[in-house]
Amino acid sequence: MHNLDTREWLLTNGLGGFASGTVCDARTRSYHGWLMAALEPPGKRTLLLSHLEASLEVEGQIVALGTNFWKGDKLDPWGYQRLRSFTVDPVPTWVWGQDEWQVTRRVSMPYGLLYEGSSDRLGIHPQVTNRVLVHYQYIGSQPGVLRLRPLIGDRDFHHLQQQDPDLTFSQLVDVNQIFLQALWGGKRARAGTPWQLRWSQGHYQPEGVWYWNYYYPQEASRGLDCLEDLYSPGYLTILMQPGEAVTLEARVGLPTTELASLNPRTFDQTVVAKQQRLEREFLHLPHVAGSQAELWERLLRASDQFIAYQTASTMPTMVAGYHWFGDRSRDTLLCLPGFALTTRRYALARKLLIRLGRLCCQGLIPNELPAGGEDPVFRSIDCSLWWIEMLGLYLEATQDWDFLVEQFTIVKQIYKAFTAGTLHGIRVDASDGLITWDDPIALTWMDTVVDGQPVTPRNGKPVEINALWYSALCWAEQWAIRLGENPAAPHRDRLKSQVRRYAQQAQEVKTSLQKFWQPQTGYLLDRIEPDDRLDATIRPNAVIALSLQHCAFTTEQGRQVLQVARDRLLTPYGLRTLDPADSSYHRHCEGTPSERDRAYHQGTVWSWLLGPFIRAWKRFYGETATIPIDWQPLLTHFSQEACFWGISEIFDGDAPHQPRGAIAHAIPIAELLRHWHDLSYSRGQETGDRQGKDNGIRF
């Protein structure tokens, strides 16, 4: 390899923990490491094992296999120049070599929950393990000596570690293993996370030393802290005969004698176990054959990376994106159709809806869900409306009307809160039935704030919020009718009056939504401001409004809106958040945090918005219409670019649409699964392939 390849790989464990790095093996982010353990799943993600610094001695010559960035953007050693190949299947695998030798390294992160059968049937107290395995194999004409030096830490994954007189790392050396724990003295006196590193063969020599000033260029480019000190407790020496291998495991937990010894088969067994679990999860799905099979399986595997479990309650959650996003209600709800309904994981969908419904307070569901028992902050206007929309899609897919009986109380709670008024002055305007709020506070998905002020003000009456409100009223009317048809239903007279009220309000909102139509531009207003001024900014929120289950706009209006969106907003990677002709348009999302925040919803492309565009296009042009999307750039990005088998959260508004933000975002994967038939049909037209029967899904 002559040039540094900094494309990224990602492994997850179903707890929120992950391992990640680059092809060239250099860490370019503070989020790169081999054991980012979720100590309170899916939160409290903590770096314990950064990596193993490896060198090989053959016939008296020592060759460093690693690659590191150091302060001043210096590179040393240059192990990447001896890298012969990298593959990501079934696990990240590197092969270094010269004429007389070859070293192969593989990294695997086992699933973190032990259970019987499907994960939908987890036990009350599943066994939880945050761990990672690393496997080295040596091939050569002569014996070689492999030296491995672990670089470790104990810090929150958002922060960096520096050498500190009050910070020490204790180690207890045992046969083929060491037990490690960070200790802080002084005013911060506390003990860190206990964990162990063990190996199948080799001689360990304790030798504590700090390595200063690791440099993370990706963090530097984002205007963040970019220097870190890592500690090494010692090094492992393994005499390798040609063909021999060594397996290492890093595992969170106190010392125990119950673990089986590592052996040459351990690594492969964990890889097979993870593949078998995936096959069980998706065993019930129709098979896909031909050139579409690999893409289908890749999307299924990618979807599984974002599903995690709160081990205290065994309830499923969704990690919104890697590396830095956590549990977010809006993202979970937007993912639900693709991850749970398309894949027929109905029990998963049910549990996600139950969990988020329980969080409803004063008609609102919080977007960001804090860990550690903290109280949630209710600063989103749309999450509860998205909850109703996804409940409707779940019921349509499953006909699970008993679940409607259980959840209808929450629907009524949301309705009552919005009509009577709730937090942040959110209320129904009595003059037109539309949802509004006055305070200059960011409550929609365009929620970035700089210096205490929303970058994209949306207070007043946003178009997609009121489209969601209309759809929610339509759902509520349908459900009240169904519940009232049951002779055994209590309060049937009350349900009949609710039906009339929902229907009347839905009709009023449908009529009032015409206020957003602008015939001179052929587009919808983005919002009506609190003082009734009209915000005609061209944004993708109009497309979201057209994509919901119940839509208040005419066919002609919908087609005109979609033509404008196609011409002004659509890119191969998603929709721009602002018309490039607007004076506030940002061409690139880069720079310091505040610079990026100012661009986040001001022209930056969001990949998940392709889903609403597809649904709206099919609604207004027909199910058989050709969708004006060239899939190939996004699929190439998915398979080969920023993160292997991941889709970036955002892209620059201007070509070549450089990927930005989180390297693996959940919603675009969910949208591709949700629109799999459109995607596979489009690709089938190009390749001549069609879906059909096969022998099964293989991971």
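**Exercise 1. Describe the lining of the largest cavity by residue class, then place this cavity in the predicted model.**

*Solution.* Step 1: by class, 15 residues of the lining are nonpolar, 6 are polar and 5 are charged.

Step 2: the space inside the largest cavity comes to about 410 Å³. Its lining has 26 residues, and those closest to its centre are Leu 11, Pro 90, Lys 274, Arg 301 and Gln 305.

Step 3: strand S1 (8-12), helix H2 (266-281) and H3 each give two or more residues to this lining. The largest share, 5 residues, is that of H2.

Step 4: in the structure there are 5 cavities of 30 Å³ or more.

**Exercise 2. Determine which residues and elements line the largest pocket.**

*Solution.* Step 1: the largest pocket holds about 1,300 Å³ of space.

Step 2: its lining is made up of 48 residues, and nearest the centre lie Trp 324, Phe 325, Tyr 600, Glu 649 and Gly 661.

Step 3: at least two lining residues come from each of helix H1 (217-221), helix H4 (329-341), helix H12 (593-599) and strand S38 (659-660).

Step 4: sorted by class, the lining has 19 nonpolar, 13 polar and 16 charged residues.

**Exercise 3. Count the disulfides, and explain the result for Cys 361 and Cys 589.**

*Solution.* Step 1: a disulfide requires two cysteine sulfur atoms within 2.5 Å.

Step 2: for Cys 361, the closest cysteine sulfur belongs to Cys 360 and is 7.5 Å away, so the gap is too far for a bond. Cys 361 is partly exposed, because its relative accessibility is 30%.

Step 3: for Cys 589, the closest cysteine sulfur is in Cys 643, at 18 Å, and is therefore also too far for a bond. Cys 589 counts as buried, because its relative accessibility is 4%.

Step 4: the count comes to 0 disulfides.

**Exercise 4. Decide whether Leu 295 is buried or exposed, and locate this residue in the chain.**

*Solution.* Step 1: Leu 295 belongs to helix H3, which spans residues 292-304.

Step 2: a residue is buried under 20% relative accessible area. Leu 295 has 10% relative accessibility and therefore counts as buried.

Step 3: Leu 578 stands 283 residues from Leu 295 along the chain, and their C-alpha atoms are 31 Å apart.

**Exercise 5. Assess the confidence of the prediction along the chain.**

*Solution.* Step 1: the chain has a mean pLDDT of 93, with 94% of its residues at 70 or more.

Step 2: residues 116-124 have a pLDDT below 50, and this stretch makes 17 contacts beyond near neighbours in sequence.

Step 3: over residues 687-698 the pLDDT likewise stays under 50, and the model has 31 contacts for them beyond four places in sequence.

Definitions and conventions: Residues numbered from 1 in each chain as written. Predicted model: local features only at pLDDT ≥ 70, side-chain atom pairs only at ≥ 80, totals over all residues. Heavy atoms only, no water. pLDDT = per-residue confidence, 0-100. Contact = heavy atoms within 4.5 Å. Helix = DSSP H or I, 4+ residues; strand = E, 2+ residues; numbered from the N terminus. Buried < 20%, exposed > 50% of the residue type's maximum accessible area, 1.4 Å probe, protein only. 1 Å grid on protein atoms, 1.4 Å probe; cavity = no way out; pocket = protein on both sides within 12 Å on 5 of 7 lines; lining within 4 Å. Points joined across faces, edges and corners; volume = space filled by probe spheres on them. Nonpolar A, V, L, I, M, F, W, Y, C, P; charged D, E, K, R; others polar.
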